[in-house]
Amino acid sequence: MSSNSAPRSALRDFLESESAGGMLLIFAAIMAMIIANSSLSGAYHHLIHAVTGPVLSDKLGPMTVHLWINDGLMAIFFLLVGLEIKREFVDGRLASWDRRLLPMIAAAAGMAVPALIYIAFAGGTEGLAKGWAIPAATDIAFAMGVLALLGTRAPTSLKLFLVTVAIVDDMGAVAIIALFYTAKINLVALAAAAALLAIMFAMNRLGIKSLALYLLLFAILWYAMLLSGVHATIAGVLAALTIPLERTPGTPDSATSPLHRLEHGLHPWVAFAIVPLFGFANAGVDVRAMTADQLVAPLPLGIAAGLFLGKQLGIFGSVWLAVKLGLAGRLRGATWLQVYGVAILCGIGFTMSLFIGGLAFPGDPILIEEAKIGILMGSLAAALAGFALLRFAPPHPDHDRIEGEADAEIARDGDVRDTSDSKTA
């Protein structure tokens, strides 16, 4: 096969599309806030909640623009998340336990500490404890967008660490949504979803590689999950696990691998359309009538503190401890100050946090709006503080040499397999 027909590295595509898409997401969120606090506020909310479709489930009622985005398009976002998870665990940087250990430790601590801080601030207020998972997730696109503004000052190892932690983080968020934010179960619809999933796994085992067939069954699976009571977007992650993957360890991605082809095809649509559209539809909060007391109420304050303080304490603390105990090596080409800066950036919880916020307080628009305020405050503080620290942190003494080696490795085999030095503190 000629080099011209080989696909670009999924990693290279991922870093570039997530960075550019993240900046577009930032722009979409800013525009939503501006419009929601202008004379166009009424038109904005009318558009977002306009009825545009039939009743697909009794729980949701008539479909609106907001529902199509949050329950429909976001299933495609979760499909891409699932593809990334499978690729990383089967054929990427998480393919062995020694490489999984550090990001899994960091992600676990980065979910647990924000949840504990949220409970400390808001758990004592009636009805707010169920929002504990809102500050637990990191927004890959938003954080990568901030890193992109730093250009070559951000080491490749930090970018890949952020990506892998956020992917493991997404796994945890998906599990939380499925286990803790599931409504009353429709057993018939759930059984139908299970049967469809079994068919898709059987297709994989039989060597069927038709993406069109998998995507058709994914659409049917999405509807079955919508009726089941389990959030419909979970269908995206489950369907992704059935997509065939041709392993290519140490070599560029296979041009015939269905998973690689689908991941390459979905990246631009998710990064440049679906995620920014979700941000625009969910970030618009009218703060004109809000008082200072409302901004520091238990719910927004708990979320903001969880994102800004909890993420940096959990992630940096766990990484530092893992290195000191000899469980993992330091990130190659990154100083401790830079690792701390990325830990702060992990407090940008925009997309998944907004998504979980809507699930935590269904039917309560006031609490959902307060949750959005907390998410925006915490994410903005994390973005500004993380960017400032990384912008002015001195680079590693061997920065140029190590970055050159990483670029050469990506060009040669499509990935950077080891982002850490030897297991020494």
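# A quick tour of a mostly helical model

Start with helix α13: seven of its 10 residues are buried, so the rest of the structure largely encloses this helix. What you're looking at is a predicted model. The protein has 16 helices and two strands, and 55% of its 425 residues count as buried. Below is a walk through α13, the largest pocket and a handful of residues worth finding on screen.

**The whole protein**

- About 17200 Å² of the protein is exposed, and carbon and sulfur atoms supply 69% of that area.
- If you take contacts between residues at least 6 apart in sequence, 81% of them join residues at least 24 apart.

**Helix α13 and the loop before it**

- The buried residues of α13 are Gln338, Val339, Gly341, Val342, Ala343, Ile344 and Leu345.
- Those buried residues pack against four helices: α5 (140-148), α6 (156-180), α12 and α15.
- Thr335 sits in the loop that runs between α12 (298-324) and α13 (336-345).
- Thr335 has a relative accessible area of 17%, which is under the 20% cut-off, so this residue counts as buried.
- Setting aside neighbours within four places in sequence, Thr335 is in contact with Arg330, Pro394, Pro395 and His396.

**The largest pocket**

- The largest pocket has a volume of about 760 Å³.
- Five elements each give two or more residues to its lining: α2 (41-48), α3 (65-91), α10 (258-282), α14 (350-360) and α15 (365-392).
- Helix α15 provides the largest share of that lining, with six residues.
- In total, 31 residues line the largest pocket, and His66, Leu67, Gly358, Pro362 and Ile368 are the ones nearest its centre.
- Sorted by class, the lining has 15 nonpolar, 12 polar and four charged residues.

**His66, one of the residues nearest the pocket centre**

- You'll find His66 in helix α3.
- Is His66 buried or exposed? At 19% relative accessibility, His66 counts as buried, because the cut-off is under 20%.
- The His66 side chain makes a polar contact with the side chain of Asn282, at 3.0 Å.
- Not counting residues up to four places away in sequence, His66 touches Ile48, His49, Ala281 and Asn282.

**Thr64 in strand β2**

- Thr64 belongs to strand β2, which covers residues 62-64.
- With 11% relative accessibility, Thr64 is another residue that counts as buried.
- Once residues up to four places away in sequence are left out, Thr64 touches Ile48, His49, Ala50, Val51 and Thr52.
- Thr64 and Gly53 are 11 residues apart along the chain, and their C-alpha atoms are separated by 6.5 Å.
- Ile48 and His49 turn up in the contacts of Thr64 and also in those of His66.

**Gly284, in a loop after α10**

- Gly284 lies in the loop between α10 and α11 (292-295).
- Gly284 is buried, with a relative accessible area of 2%.
- Which residues is Gly284 in contact with, leaving aside its neighbours within four places in sequence? They are Ala32, Met33, Ala36, Tyr44, His45 and Glu369.
- One of those contacts, Tyr44, is 240 residues away from Gly284 in sequence, yet the two are 8.4 Å apart in space, C-alpha to C-alpha.

**Pro103 and Leu160, two buried helix residues**

- Pro103 has its place in helix α4, which spans residues 97-122.
- Pro103 counts as buried, at 7% relative accessibility.
- Beyond its neighbours within four places in sequence, Pro103 is in contact with Leu94, Thr164, Val165 and Val168.
- Pro103 and Ala166 are 63 residues apart in sequence, and 8.5 Å apart in space, C-alpha to C-alpha.
- Leu160 is found in helix α6, one of the helices that the buried residues of α13 pack against.
- Leu160 is buried, with just 1% relative accessible area.
- Leu160 and Leu331 are 171 residues apart in sequence but 9.8 Å apart in space, C-alpha to C-alpha.

Key:
Residues numbered from 1 in each chain as written. Predicted model: local features only at pLDDT ≥ 70, side-chain atom pairs only at ≥ 80, totals over all residues. Heavy atoms only, no water. Buried < 20%, exposed > 50% of the residue type's maximum accessible area, 1.4 Å probe, protein only. Contact = heavy atoms within 4.5 Å. Areas by Shrake-Rupley, 256 points an atom, 1.4 Å probe, with all protein chains shown as cover. 1 Å grid on protein atoms, 1.4 Å probe; cavity = no way out; pocket = protein on both sides within 12 Å on 5 of 7 lines; lining within 4 Å. Points joined across faces, edges and corners; volume = space filled by probe spheres on them. Nonpolar A, V, L, I, M, F, W, Y, C, P; charged D, E, K, R; others polar. Polar contact = N/O pair within 3.5 Å; in protein donor to acceptor, adjacent residues only side chain to side chain.
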